[in-house]
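Dear colleague,

I am handing over a structure for your consideration. Please find it below, followed by a summary of what was found in it.

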Amino acid sequence: MRYLILSDIHANIDALEAVLAAAPRDTWDRVIVLGDLVGYGAEPNAVIERVRALDPLVVIRGNHDKAASGIDDGSSFNYVAKLSAQWTSEALSPEHREYLHALPQGPVNIDETVEICHGAPFDEDHYIFDSDDAARALDAASRPLCLFGHTHLPVVFRRHPALFDGFMPEGPDDATLEVIAGINYLVNVGSVGQPRDGDPRAAFGIYDSEGSTVVLRRVSYPVEIAQRRILSAGLPSSLANRLAIGR
């Protein structure tokens, strides 16, 4: 089974369409979405419609999905994120707001090897940034491979008795991770709609369960169009500016 992995789309329809063009339908079997379909970007309804049309296997909620749908009040958000959540909540159609409200909380087991979460297996809103976070998440994980999002940073952590390390893929090319039996992995394929690793290209992944690989991929998209949408919607200009620098 080949899974297209999408995370942190953040209402960026232009980035999402670029990802789907770079990963045509014959290159994957099912779609998995790791949360935060909305927030920050200007096209929440379009993104939800596009994701639903893919007939995804699983979509779990992110913190921005919770805030926009009324599950959470966004009190922990910074000023810009809170403004965005309020705008998104008002912009959503009733149907799409209900869709977000009904999304399940992670973690969710995909098969005997893979589970998914938004933040961490022990807390859907926790950020995994360093080795301490990763060790705690690996302890909590119920599967050898845990796919997570939330940080918008592509990263791989891996652990077995003789090894515990973490690394971020670098360079313009796709990065292929071999999933080896006996090693436990935490993998973030990065953000579709708001990358924060200094690379403005949309990030996504493909997990091949038969080949035991995760390919972390990047694709360029028309950032300037996404920026214009944000500014035209009256959202903070910082949300448009950061897309060009991937921060």
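In what order do the six strands of the open sheet with β4 stand? The order is β4-β5-β6-β10-β7-β8, and the pairing is mixed. Helices (H or I, at least four residues) and strands (E, at least two) are DSSP runs, numbered from the N terminus, and two strands pair if DSSP finds at least two bridges between them. Because β4 (108-109) and β8 (163-167) stand at the edges, each with a single partner strand, one side of each has no neighbour in the sheet.

Please note that this is a predicted model, in which local features need pLDDT of at least 70 and side-chain atom pairs count only at pLDDT 80 or more, while totals for chains, interfaces and linings use all residues. Residues are numbered from 1 along each chain as its sequence is written, and side-chain values use heavy atoms, with hydrogens and water left out.

Within the sheet just described, strands β7 (residues 155-160) and β10 (residues 184-188) run antiparallel and are joined by five bridges. Arg-158 has Tyr-185 of β10 opposite.

Another open sheet of six strands, also with mixed pairing, follows the order β3-β2-β1-β11-β12-β9. Its edges are β3 (58-59) and β9 (175-178); each has a single partner strand, so one side of each is left without a neighbour in the sheet. Strand β2 (residues 30-33) runs parallel to β3, with two bridges between them, and Ile-32 has Val-58 in β3 as its bridge partner.

Strand β3 also helps to cover helix α5 (residues 94-102). In this helix His-96, Tyr-99 and Leu-100 are buried (under 20% relative accessible area, with a 1.4 Å probe and protein chains only; exposed is over 50%, partly exposed in between). These residues lie on the same side of α5 because they cover an arc of only 95° around the axis, taken from the directions from the helix axis to the C-beta atoms. Pro-94, Glu-95 and Ala-102 are exposed on the other side of α5. The cover over the buried residues includes α2 (44-53), β3 and α3 (63-69), where contact means heavy atoms within 4.5 Å.

With kind regards
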